[in-house]
Structures are given as C-alpha cells and as structure tokens.
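Student: I should like to learn how empty space and a bound ligand are read from a set of coordinates. Could we work through one case together?

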Amino acid sequence: KEKQTLHYEEIYKIRNRERAFISSKFPLIDSLGNLYAIGFMATDITERIELENRKDEFISMASHELKTPITSIKVFTQILQRQTKNTRIDNSKLYLKRMDAQINRLSNLINELLDVSRIQSDKLMLNISKINLNKLVKESVENIQATTDSHKIIVRGSIKNKITADKDRIEQVLINLLTNAIKYSPKGKKVLLNIDDNKDKIMISIKDYGMGIPKKYQAKIFERFFRIDDERHSASPGLGMGLFISKGIIEKHKGKIWVESKVNKGSTFHFILPKKA
Ligand code: ADP
C-alpha cells in the first residue's frame, strides 16, 4: 500500500523443519505508477541463529563455571589476610591486598557476563522494595568519588518520598554511568548528577565534559558488547557490557534510558524510573 520495501525475519517450515529467514519484499511498479506485483527475496539464517544461541549458552555456562573457583580463591585470600593481620612478613600483606582487589575485578567481570546472559534470555529478576533514592545516590557517589582524585562529582536536586525499585540494581546503573562519565572524560574535572522529581516519575541525569559520542553510535552503545572503535574511546579498558546491562535493568523497571552527546563537548546519560516499579 505504501510502495515501500520491507525487511524482516520470518519462520517457514521446510521439509517439516522450521527455518529462519531474513526476507525483503518490494513492490514492482509499472510506468504509470501502479503496483502490479510484489518481489520477494529471502536468505536462510537458521545456522547463524543456532550458532548465536550456542554462543550465548556458552557465555552463560562459562561464567557460572568461573564463579565457583573465584569464590573459593576469595575466601582463602580473606583467611590469609586475617592470619597475617598482626604479622610483619615482608610485603605479604600488600600482596594479599592486591590479590583481593584483582579477585574483586575478576568476579565483577563474571557477574557482568552473567547479567548479560540473564538480560539476553529475559531472565533478569528484580528484588523490589521501598528505597530512599537520595541516600542511594549519595552512597554511590561517595563510592566512586573515593576512587578518583581527578574529578569532582556534584549532586543537584533530590526527591521527596521513597520509590519502589531494586536497590542493588539501581546502584549498579548509577555506578556504571558514573564510572563511564569519569573514564571517558580524562580531561574533564567534574561530573554532574541531577535528580528530577516529577509527578509519578523520577529522572536522573549524569553529565560529563569528556570526549562525547558521535551521533551514529548513540543508539548502538546500548547494544551488548558494543564499544566505539576509535583511538580515544578504546584507550579505556572495557568489554561493552555496562550500558547493555543498565538498559536491561531500567527497562525491567518499565523505565527508559538514553544519551545526549556532542563530540568533544561531553555526554549526558538520562534515565527515567516510575516511582512505583
Ligand atoms: P565499556 O565502557 O566497558 O566499554 P559500556 O557498555 O559501559 O562498556 O559502554 C559502551 C561504549 O559506549 C564504551 O566503550 C564507550 O565507547 C561509550 N561510552 C559509554 N559511556 C560514555 C561516555 N560517558 N562518554 C563517551 N563514551 C561513552
């Protein structure tokens, strides 16, 4: 009717087996502008989808398998730390502290991989309770502020009443956005966090004065494992999981997350949450 080409995925049964296709259908129009037929082209993508599913399953299984040994290494490190607390054996205390920090990094990575798999298969569960968002913001900001001398995080605004949401998951989003704001603004000196109290929603905005994000990537950065592949962005380490997870968490709360950004000027990440999740 609209004389437009359409592209979409569809399933057909072929020899009693379901196969997935990516199809294009297009109108054939005669010299008078009348539609006289529809052209149709389809590519079988069944194997590709199966391979992708197997890869997702692998990531999920591998992260579960990795979690067990890491948990016991963590426990043994803590025991050693306790036992060496009052001793003065060379640098052992320092090394144990470093070991502990690296184990935390590793287990964060594994937890992120698990979260990616959960979101991908729509199995992310929320643990909803009444939360004091002002306090949660304050604690998250203090945590991140303690890791940096280069940036000052400034909080503006507050919200009157408690909201219902998953405390740990919202903290995870705040920490991810604040960490990114610092990571991707090596020359910036401040990060602003604004809380907006609307009628039945709240909006949190996190603004940095860093390298920014080109328009063409502003939607893509929320896709899993996506990282901007240029010299400046890829100078910071990461696996492109944080924003995918943040989006999954916010959308599970029936909220919205997006970015506004200008290259070399900085970025503002906004998210909206309903007060009653
Ligand atoms: P990671 O930072 O681990 O790569 P994220 O999912 O958190 O993963 O971010 C995806 C990509 O989006 C980053 O690799 C980076 O290129 C870009 N990005 C995220 N936050 C910012 C920001 N505040 N400023 C500029 N680019 C950003």
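**Reading cavities, pockets and a ligand shell**

Tutor: Let us begin with the enclosed space: helix 2 gives the most to the lining of the largest cavity, with three residues. Please keep in mind that this is a predicted model.

Student: How is empty space found in general?

Tutor: Rolling a probe the size of a water molecule over the atoms shows where empty space is left. Here, a search of the whole structure yields one cavity of 30 Å³ or more.

Student: What volume does the largest cavity have, and which residues line it?

Tutor: The volume is about 40 Å³. The lining consists of Asp56, Ile59, Val116, Ser117, Gln120, Arg224 and Phe225. Helix 1 (46–83) and helix 2 (92–120) each contribute at least two residues to this lining. By class, three of the lining residues are nonpolar, two are polar and two are charged.

Student: Let us turn to open space. What volume does the largest pocket have?

Tutor: The largest pocket has a volume of about 1300 Å³. Two or more residues of its lining come from each of helix 2, helix 4, helix 5 and strand 10.

Student: How many residues line the largest pocket, and which lie nearest its centre?

Tutor: There are 42 lining residues, and Glu112, Asn176, Thr179, Asn180 and Lys183 lie nearest the centre. Helix 4 gives the most to this lining, with ten residues. The classes divide into 19 nonpolar, 15 polar and eight charged residues.

Student: Where does the ligand lie relative to this pocket?

Tutor: A molecule is assigned to a pocket if more than half of its atoms lie within 2 Å of the pocket's grid points. In this structure, the space taken by the ligand is the largest pocket. The shell around the ligand receives two or more residues from each of helix 4 (167–183), helix 5 (242–252) and strand 10 (266–274).

Student: How many residues surround the ligand, and which are the closest?

Tutor: The ligand is surrounded by 21 residues, the closest being Asn180, Tyr184, Asp208, Arg227 and Leu243. Helix 4 gives the most to this shell, with four residues. Ten residues of the shell are nonpolar, eight are polar and three are charged.

Student: Which polar contacts should I examine?

Tutor: The cut-off for a polar contact is a pair of N or O atoms within 3.5 Å. A polar side-chain atom of Arg227 is placed 2.6 Å from an oxygen atom of the ligand. The backbone also takes part: a backbone N or O atom of Ile228 lies 3.4 Å from a ligand oxygen atom, and a polar backbone atom of Gly242 lies 3.3 Å from an oxygen atom of the ligand.

Student: How much of the accessible area of the ligand does the protein cover?

Tutor: On its own, the ligand has 530 Å² of accessible area, of which the protein covers 97%.

Notes
Residues are numbered from 1 along each chain as its sequence is written. This is a predicted model: local features need pLDDT of at least 70, side-chain atom pairs count only at pLDDT 80 or more; totals for chains, interfaces and linings use all residues. Side-chain values use heavy atoms; hydrogens and water are left out. On a 1 Å grid over the protein atoms alone, a cavity is a set of points where a 1.4 Å probe fits but cannot get out, and a pocket is an open set with protein on both sides within 12 Å along at least five of seven lines; lining residues have an atom within 4 Å of a point. Grid points are joined across faces, edges and corners, and a volume is the space filled by probe spheres set on the points. Ala, Val, Leu, Ile, Met, Phe, Trp, Tyr, Cys and Pro count as nonpolar, Asp, Glu, Lys and Arg as charged, and the others, Gly among them, as polar. A residue is near a molecule or strand if one of its heavy atoms lies within 4 Å of it. A polar contact is a pair of N or O atoms within 3.5 Å; within protein, one must be able to donate a hydrogen and the other to accept it, and residues adjacent in sequence count only if both atoms are side-chain atoms. Accessible areas come from the Shrake-Rupley method with a 1.4 Å probe; for residues, only the protein chains shown count as cover.
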